[in-house]
Amino acid sequence: MPDRLSALDASFLYVEDHATPMHVGGVAIFERPRSGFGYAQLVDLIGGRLAYLPRYRQRVLEVPGHLARPVWVDDVDFDLNYHVRRSALPQPGSDDQLFDLVARLMSRRLAPERPLWEAYFIEGLAGDRVALVTKTHQSVVDGVGTIDLGQLILDPVPAAPEPFEDIWTPRREPSRTQLVLDAISEGVQRPGEVVENVRSAANDAVAAAGKFAETVGGVASTLRTLVSPAPSGPLNVRVSGGRVFAVVRTRLEDFRKIRAAHGGTVNDVVLAAIAGALREWLLSREVQLTPNTTIRALVPLAVRDAETPGYSTPGLVGNQVAAYLVDLPVGEPNPVLRLQHIGHAMAEHLDSGRSVAARGLLKVGGFAPATLHSLGARAAGSLSGRIFNVMVTNSPGPQVPMYAGEARLVEMFPVMPLMRTQALAIGVTSYHGGVYFGLNGDRKAAFDVDLVAGMIEESLEELKGAHW
């Protein structure tokens with residue numbers, strides 16, 4: 001039987017264009033150990049673990065006439081050195097130079113004729129640091145059969161990677177005739193799918209959106225607010241092909257202190273800090289705010305799979321991500337009241353009994369945030385961009401050092417994709433006492449994304465000093 005893309009995975013390929021590449025990224029910054037950590041060692045590390053990720057050596061093959069959804073096939077010309085690339089900044093490279101490079105890399109689509117992922121080993125950073133920038137298409141990571149590469153290469157103890165010897169043998173690619181025969185056979189059993197496949201492949205995005213939104217495991221049914229058009233504003237414009245990227249570095253202890261003083265969860269405090277920043281950003285754009293003005297955030301959150309018998313500890317298999325809509329009260333000038341409003345809005349998720357606590361997610365092996373951010377992007381990509389203004393993903397990570405080979409991970413910033421009408425996407429990851437924000441913006445509509453980053457820091461300080 002052909003390994004056919006799911007309806008959701010195929011939708012990510014059909015709606016992709018030059019302005020909205022459908023990949024999720026990550027920026028990991030490492031301290032280079034005394035023993036060194038170079039490109040060759042990274043290739044050995046990744047190559048030695050690709051056996052656990054067979055999808056990373058497969059490419060998408062279209063079916064003639066679009067009689068069926070595309071299939072995954074082994075890439076008979078797979079070249080690891082094509083996917084793991086080497087780059088450098090002019091020494092001593094600054095963080096701003098790195099993030100400008102990240103923005104350019106993220107604006108480029110992945111080559112459709114090759115496996116849909118890339119990794120860039122970037123040298124030249126000041127302080128003898130190196131960076132790993134990853135890009136993985138949303139059709140690749142489903143959290144069940146395939147996790148994110150960033151999760152697989154990080155370990156809790158340092159260890160030099162073993163020299164990599166590629167003994168993988170690809171399976172023969174099916175012929176065009178075989179693809180057509182398989183499609184016809186399936187079409188006889190499900191004739192309605194043939195029409196849907198042709199319409200979807202022809203970029204009938206309106207027809208596809210309704211169908212694919214229903215196919216993602218319960219996401220559409222788990223929305224906790226009325227699905228109505230999101231408020232209009234500068235966050236919702238047709239995006240260009242350019243990107244800008246900025247980061248925020250904060251401490252987890254600050255979020256915990258605010259939570260202890262005012263209630264709620266760490267995630268509530270994260271959303272409140274973002275709400276305060278967006279309020280100031282809108283005012284800087286001379287947007288008129290009223291006490292009732294809101295910005296609707298799509299907040300993908302991990303949930304337990306209630307259908308899995310004996311399910312108790314969240315893991316990779318059986319884990320789901322549900323999309324929640326949260327109206328951020330940007331019109332409210334009081335930071336504590338903003339936090340309380342968000343806490344009430346999120347309470348239904350906590351009361352559902354399906355929420356996965358941060359301490360549970362930390363039991364997942366490897367650096368789970370990489371996979372969970374990818375799943376969050378899948379949840380967002382399955383829904384109409386008309387119902388939310390901004391996507392915010394927040395995934396807790398381990399509070400102990402992690403290593404790629406012998407290189408210690410210092411910081412990790414998610415790079416979430418933009419939808420066609422969303423000018424800003426925010427990813428948040430906690431790791432080893434820090435909380436790291438990655439802000440991916442459209443180069444035209446959100447050219448001042450670094451201003452938003454600074455405002456998040458100010459909003460957090462405002463919450464720290466706030467009193468009733």
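The following paragraphs lead through a predicted model of a protein, from its overall make-up to individual strands, helices and residues.

The protein has 468 residues, and buried residues make up 57% of them. Its secondary structure consists of 14 helices and 14 strands. Among contacts between residues at least 6 apart in sequence, 81% join residues that are at least 24 apart. The accessible surface comes to about 19,400 Å², and carbon and sulfur atoms account for 53% of that area.

The confidence of the prediction should be kept in mind throughout. The mean pLDDT of the protein is 84, and 81% of the residues reach 70 or more. Over residues 304–318, however, pLDDT stays under 50, although the model has 28 contacts beyond four places in sequence for this stretch. The pLDDT is also below 50 over residues 353–366, a stretch that has 37 contacts in the model beyond near neighbours in sequence.

Near the start of the numbering is helix α1, which spans residues 7–14 and is mostly covered, with eight of its eight residues buried. The buried residues of α1 include the aromatic pair F12 and Y14 as well as D9 and S11.

An open sheet is the next element to consider. Six strands form this sheet in the order β4-β5-β6-β1-β12-β11, with mixed pairing. Its edge strands are β4 and β11, each of which pairs on one side only. Within the sheet, β4 and β5 pair in the parallel sense over six bridges, and A88 has E123 in β5 as its bridge partner. Between these two strands the chain passes through helix α4 (residues 95–106), and the resulting β-α-β crossover is right-handed.

Strand β5 is mostly covered, since nine of its nine residues are buried. On its pairing with β6, seven bridges join the two strands, which run antiparallel. F121 stands opposite L132 in β6. The two strands form a hairpin with three residues between them, and G127 in the turn has a positive phi of about 80 degrees. Strand β6 also pairs with β1 (residues 23–31), in the antiparallel sense and over nine bridges. In that pairing, F30 has V130 of β6 as its bridge partner.

Helix α2 lies across β4, β5, β6 and β11, and runs at about 145 degrees to β4. In this helix, which comprises residues 39–49, the residues Y39, L42, V43, L45, I46 and G47 are buried. What covers these buried residues includes the strands β4 (84–93), β5 (117–125), β6 (129–137) and β11 (403–404), together with the helices α3 (80–83) and α5 (149–152).

A further set of paired strands centres on β14. Nine of the nine residues of β14 (residues 434–442) are buried, so this strand is largely enclosed by the rest of the structure. In a regular strand the side chains alternate between the two faces of the sheet. In β14, G434, Y436, G438, N440 and D442 point one way, while V435, F437, L439 and G441 point the other way, and all are buried.

Strand β14 has antiparallel pairings with β7 and with β13. Nine bridges join β14 to β7 (residues 243–251), and eight bridges join β14 to β13 (residues 424–431). G441 of β14 stands opposite V244, and G441 also stands opposite L424. The hairpin of β13 and β14 has two residues between the strands, and H432 takes a positive phi near 50 degrees there.

Two single residues complete the account. S395 lies in strand β10 (residues 390–396). With a relative accessible area of 3%, S395 falls under the 20% limit and therefore counts as buried. Apart from residues up to four places away in sequence, S395 touches P369, L372, H373, V428, T429 and S430.

G331, by contrast in setting, is found in the loop between β9 (320–328) and α11 (335–351). Its relative accessible area is 8%, so G331 is buried under that 20% limit. Leaving aside neighbours within four places in sequence, G331 is in contact with R279, T290, P291 and T293. G331 and L282 are 49 residues apart in sequence, and their C-alpha atoms are 9.8 Å apart in space.

Definitions and conventions
Residues numbered from 1 in each chain as written. Heavy atoms only, no water. Helix = DSSP H or I, 4+ residues; strand = E, 2+ residues; numbered from the N terminus. Buried < 20%, exposed > 50% of the residue type's maximum accessible area, 1.4 Å probe, protein only. Contact = heavy atoms within 4.5 Å. Areas by Shrake-Rupley, 256 points an atom, 1.4 Å probe, with all protein chains shown as cover. Pairing = 2+ DSSP bridges. Axes fitted to C-alpha atoms, helices over the stretch in contact; angles between N-to-C directions. Right-handed = clockwise from strand over helix to strand, strands pointing away. pLDDT = per-residue confidence, 0-100.
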